[in-house]
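Trainee: Before we discuss any detail, could you put the model on the screen so that we can go through its packing and its side-chain pairs together?

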Amino acid sequence: MQLTGVLSIGLLIAIAFLDLDLKGKVLNSSLIKKTRTLIYSWLVVTFIYILIQIAYLLEQPLSASFDLTVIRSYLTQTSIGKSYLVQMIGIAVVLLIPLKKVISTYVALLISLVAITAPVFQSHGSTSGYHGLAIGALVVHVIALSFWVGGLFGLTQLSKANKLIALPRFSEIALWSAIAVVLTGAATAWTRLDSIQAWQSKYGAVTLLKIFLAITLIGFGALHRRWIIKSDYPSVFRLVTAEIGIMISTIFVGSWLSTINPPEREIISSPGLLVTGIEMPEPPTFSRVLLAYDADGLMLGLLIFAVAIYIKGVVILSRRGDKWPVGRTIAFALGISAIDFATSGGLGVYSRFAFSNHMLSHMVLGMIAPIGIVLGAPITLALRTLPIGRNEQERGIRGSFIALLHSKLSKIYTHPVVALAIFNGSLFALYFTPLFGNLMQGHSGHFFMSIHFLLSGILFFQVLIGVDPMPRKVLHIVKVIIIFAAMSIHAFFSISVMSASTLLDNGYFALLERPWATDLLADQRAGGAIGWAMGEIPILLALLATFIQWTRQDKKEAARIDRAADRAAAMGEKDDLALYNQYLAELNRRDNSQ
C-alpha cells in the first residue's frame, strides 16, 4: 500500500516538476496513463489492506472480512478506520482530476500527499510521550520520502532527452528531501528510543537498519550531484537501478517498523495526557507561558521549510546583485516566530487546556502573525526567484505560479467581501457548531484549525495592506468599509461568546480535569473578552496602514500629474488639465451657438 502510494506520487511529481510542458499543458500522454493506472492500483491495494486489518483485529479469516456492515463500522467508528477512509476518498478524488494541465497536477499531488499521510496521524499513542513532535515528524518523513523515492521513480519514466533536462531539478528536490528525511527520522527515533536499552530492542534494531539504508541512499545522492555537475550522465543512470532497489527496501523496512511496538515507557497516565498527548501543565503564569515549549512537529516542519525557502530566495537575489529590503525579512521572521509561539511555544501548550489560552493563540495566528507574513512580501520574492521554463515553450514553476495568481479562483478569494466572509464568518461556523469540540479532540484537528486561522488571516490582511501583487485592485475606500465591517462582526462574535450560557467545546475541556481555572464557563467568557480586545487592535492598525497607503498613493498621483504637466510645458504642449478646460470651453460654445 505504501509503495504504490509513493510511486503514484512520484509519477505526479514527474508530471508537475520534472517533465517538460507546453505552456502549462502536459505533453506526455503515456505518462498520464501510467499515473492513473498506478493510482487505481493504490486504491485497490488500500481496500485490500483494510480487509486484512479487519481480519487481523477480529482474528478471523480474510474471507470473513467481506461484510459491508463490518467494513462500514470499521471505516466510520474507529479512528484508524476513519483515516483510511480519508485516504480512499482522497485517492478517488485524485482519479477524478484530469491531468492534462500542470496546475491540475499540482492539485492532484497535494490531495495525494494528504491521502498518504492521513493514517500517520493515528500511528503514535498519546501516552507514548512527545505526541506532537512524533506525529509531525512522521508526516514530514513520509512526504519527504515520497518526493525522494517517488521522484526518482518518476524520473525513470521520462524519455532519455527529458531525463537529462530533469536531472538537475530532481537533484535539488532529492537534496531537500534527504535533509528532511534525516532530520525527521532522527526526531522520530529520539521520541521512541531514549535509552541504550531501548536501542537494543527489536524496534531499535530495525531502526538501525533503516538508518543504514538511508545513509546509503544519501551516498548515492552525493555521487549523483557530483556527476551531474560534471555532466557525466551515463554514470548517473547506471546508479539509478541500484538506488531504486535500496529505496524500495527502505520503504518496506519502514512499513515493517510501523508494525513493531516501540519500547514501553514508564509514563503515568492522566486525563490530560490521554486527551492531548502532553502532561497537564502548571497553572499559567507569564514566565511559564513564555518558557514552555512542546514541539508541534508538523507545524514546525512547515515553518522551517518556509524560512529555508525565504532565505534561499533572498540569497538568490543577493547573488544577482539585487537588494531585498531588510525590513521585509524582519517582518517575515517576526511572523514566523509568532506562529511558532502560538503552536509549539507556551501559548500553544496552554491553548490545549483552557479556552482563554486557546483564544489567545487564535488571535496571534489569525491577527498578529499574518501581518508579519504579509509585510514580508513572500509572493514578490517568489515571483523574482522561482525557476522559469527550461525552454521557450515551457511555462515553468514561476509561470504556473503567475497563472494561479491570476486565475478566476484567485480573483474570487481575493475579493474583499469573500476575504471578509472567510475571516469573520468562519468564526461562527467553527465555535457555534459541534465542529470546535470535535476538532479539539485530535492532533489533526488542532493542525487544521491553526492552518485555517493563519491562512484566513493572511488572505484578509493581504487584501487590505498587502505589498504583494494581487489579481484585483481594491479601492482604499472599499478597504476602509471592509475594515469597519470586520471590527463590527468581530465585536459581535466576541460578545456572543461572552454571553453564551453553555459551553462551546462539546465537553472537551471537562475531560481534561484540570486543577486550575475550574470554572469552565468563566474561562470561556474570559476567552471572548480576550478575542474582543486582541482582535480590535490589529484591525485598527490595518485601518491606520490603509490611510497611510491612501495618502501615499494620492501624493504619487499628484506628483505624476505634475511631471506630465512639466513635460508638456517643456515641449510646448498643453497638459491634461488645459486640454480638459479647452474641451469644456468648446462644449460651452456649441451650446451657446445652438
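The questions and answers below deal with a predicted model.

Trainee: Which helix gives the most residues to the largest nonpolar core?
Mentor: The largest nonpolar core has 69 residues, and those with the most contacts inside it are Ile339, Tyr431, Phe436, Phe460, Phe461 and Phe509. The helix that gives the most to this core, with 10 residues, is H16 (residues 355–375).

Trainee: How many residues are there in the second, separate core?
Mentor: This second core, which is separate from the largest one, includes Ala16, Ile173, Ala178 and Val253. As a general background, nonpolar side chains in soluble globular proteins tend to be buried together. The number of residues in the second core is 55.

Trainee: Is phenylalanine 509 buried or exposed?
Mentor: Leaving out residues up to four places away in sequence, phenylalanine 509 touches Ser351, Arg352, Phe353, Ala354, Phe355, Phe436, Met440, Arg514 and Leu520. Its relative accessibility is 4%, and because buried means under 20%, phenylalanine 509 counts as buried.

Trainee: What is the angle between the planes of phenylalanine 428 and phenylalanine 493?
Mentor: The structure holds 18 aromatic pairs. In one of them, phenylalanine 428 and phenylalanine 493 have their centres 5.5 Å apart and are arranged edge-to-face, the angle between their planes being 80°.

Trainee: Which helices hold the two members of that pair, phenylalanine 428 and phenylalanine 493?
Mentor: The pair links distant parts of the chain, with the two residues 65 residues apart. Phenylalanine 428, at 26% relative accessibility, counts as partly exposed, whereas phenylalanine 493, at 2%, counts as buried. Phenylalanine 428 lies in helix H20 (residues 416–431), and phenylalanine 493 lies in helix H23 (residues 476–499).

Trainee: Why is the pair of tyrosine 508 and phenylalanine 509 described as edge-to-face?
Mentor: The ring centres of tyrosine 508 and phenylalanine 509 are 5.0 Å apart, and tyrosine 508, at 0% relative accessibility, counts as buried. Planes over 60 degrees apart count as edge-to-face, and the planes of this pair stand at 75°, so the pair is edge-to-face.

Trainee: Which residues form one aromatic cluster with Phe428 and Phe493?
Mentor: Phe428 and Phe493 belong to one aromatic cluster, and they also form the edge-to-face pair discussed above. The residues that complete the cluster are Phe355, Tyr431, Phe432, Phe436 and Phe492.

Trainee: Which parts of the chain does the salt bridge of glutamate 172 and lysine 312 tie together?
Mentor: A search of the whole structure finds 5 salt bridges, and in the one between glutamate 172 and lysine 312 the closest N and O atoms are 2.9 Å apart. Both ends are partly exposed, glutamate 172 with a relative accessible area of 30% and lysine 312 with 32%. The two residues are 140 residues apart in sequence, so the pair ties together helix H7 (residues 160–192) and helix H13 (residues 297–320).

Trainee: Is glutamate 394 buried or exposed?
Mentor: Glutamate 394 forms a salt bridge with arginine 390, in which the closest N and O atoms are 2.8 Å apart. Arginine 390, at 26% relative accessibility, counts as partly exposed, whereas glutamate 394, at 6%, counts as buried.

Trainee: How far apart are the closest N and O atoms in the salt bridge of aspartate 523 with arginine 514?
Mentor: Aspartate 523 is buried, and so is arginine 514. Arginine 514 is also one of the residues that phenylalanine 509 touches. In the salt bridge, the closest N and O atoms of aspartate 523 and arginine 514 are separated by 3.5 Å.

Trainee: Within what arc do the buried residues of helix H3 fall?
Mentor: In helix H3 (residues 68–77), Ile71, Tyr74 and Leu75 are buried. Helix H2 (29–58) and helix H4 (79–96) are among the elements that cover the buried residues of H3. Seen down the axis of H3, these buried residues line one face of the helix, because they fall within an arc of 90°.

Technical notes
Residues are numbered from 1 along each chain as its sequence is written. This is a predicted model: local features need pLDDT of at least 70, side-chain atom pairs count only at pLDDT 80 or more; totals for chains, interfaces and linings use all residues. Side-chain values use heavy atoms; hydrogens and water are left out. A nonpolar core is a set of buried Ala, Val, Leu, Ile, Met, Phe, Trp, Tyr and Cys residues joined through side-chain atoms within 4.5 Å. Buried means under 20% relative accessible area, exposed over 50%, partly exposed in between (1.4 Å probe, protein chains only). Helices (H or I, at least four residues) and strands (E, at least two) are DSSP runs, numbered from the N terminus. Contact means heavy atoms within 4.5 Å. Rings of Phe, Tyr and Trp (its six-membered ring) pair if their centres lie within 6.5 Å; planes under 30 degrees apart count as stacked, over 60 as edge-to-face and the rest as tilted. A salt bridge is a side-chain nitrogen of Lys or Arg within 4 Å of a carboxyl oxygen of Asp or Glu. The arc is that of the directions from the helix axis to the C-beta atoms.
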